[in-house]
Amino acid sequence: MSYSVGQVSTFAGVTVRTLHHYDKAGLLSPSDRSPAGYRLYNEADLVRLQQILFYRELGFPLDEIAAIFEDPQVNPLERLRARQRELNEEIARLQRLAEVAERAIEVQKTGVPLTPEERFEVFGEVAFDLSYATEAELKWAHSQGQREAMARADAHTKEDWRRLMDEAGAWRAELLAAFDDGQPSDGERAMDLAEEHRLHIARWFTSCPPDMHRRIADDFVADPRAFALVVPPSQQRPGLAAYTRRAVYANAARHAGDGTDVEENR
């Protein structure tokens, strides 16, 4: 039997335009013609179309499908195995995104209960990036400190946040002054500022021993979104994030009573 383009389109679930595209690309050309000159597909054509749709469903591009059909050296099984690996990786990536979305919902639920006007009034230029917050939630999902920090943040009142941000702003001004004055990152002034930051975290969020403070400081250099929570982009200077990290490491080493970390992270 032979089938018209319209018939094949209907029972194959593809558009006539798609069939014409496959024909133009040389991927699937109808084998027959009606007396009036219309394209007609035979049974072999339908088998080939079924294979094309199978590969398309798996995400194969048309040129790769053509290569599978036309090149006898191409091993379809190897192509399928490779695609299977890609799909498994994509499934894992989507699962991670689903987890991030779930955590984002939780973070949003426990956000600061302020209107947009109040948020700007309290936080000013300091932007709380939700994507960074959710990634941090995933990264520290099993951390008691993270859970405590989120719980305490949720309990803060507007006045608490105002005092917290005023305190952070005064500290930030001192940090910028020390950096601009050329104070060494492992000097007393910079280390004292690092210690103030550590105590600020402990006072408002969760206990912050020196090793935890170093991990926080690592994010300052690794992720601009983390440092933007400390110093807004408009106030940042080149090298300031690394300077702050070195000061944190120097202060941690001071607590430990030796200079090992200072030397390794200078």
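Which residue takes a positive phi just after H3? In this predicted model, the residue in question is Gly59, with a phi of about 95°. Helix H3, which precedes Gly59, comprises residues 43-57. At 1.5 Å a residue, its 15 residues should span 21 Å, and the C-alpha atoms at its ends do lie 21 Å apart, so the expected and modelled spans agree. At the start of the helix, a side-chain oxygen of Asn42 comes to within 3.1 Å of the backbone nitrogen of Ala44. Burial in H3 involves Asp45, Leu46, Leu49, Ile52 and Tyr55.

A second helix, H10, covers residues 188-204. For its 17 residues, a rise of 1.5 Å a residue gives an expected span of 24 Å; the end C-alpha atoms are 24 Å apart, in agreement with that value. The buried residues of H10 include Ala190, Met191, Leu193 and Ala194. Glu195, His197, Arg198 and His200 of this helix are likewise buried, as are Ile201 and Trp204.

The model also contains an open sheet of three strands, arranged in the order E1-E3-E2 with antiparallel pairing. Strand E1 (3-4) and strand E2 (32-33) occupy the edges; each has a single partner strand, and therefore one side of each is left without a neighbour in the sheet. Strands of a sheet pair through backbone hydrogen bonds, in either a parallel or an antiparallel sense. Between E2 and strand E3 (residues 39-41), the antiparallel pairing extends over two bridges. Within this part of the sheet, Asp32 stands opposite Leu40 in E3.

Technical notes. Residues numbered from 1 in each chain as written. Predicted model: local features only at pLDDT ≥ 70, side-chain atom pairs only at ≥ 80, totals over all residues. Heavy atoms only, no water. Helix = DSSP H or I, 4+ residues; strand = E, 2+ residues; numbered from the N terminus. Expected span 1.5 Å × (residues − 1). Buried < 20%, exposed > 50% of the residue type's maximum accessible area, 1.4 Å probe, protein only. Polar contact = N/O pair within 3.5 Å; in protein donor to acceptor, adjacent residues only side chain to side chain. Pairing = 2+ DSSP bridges.
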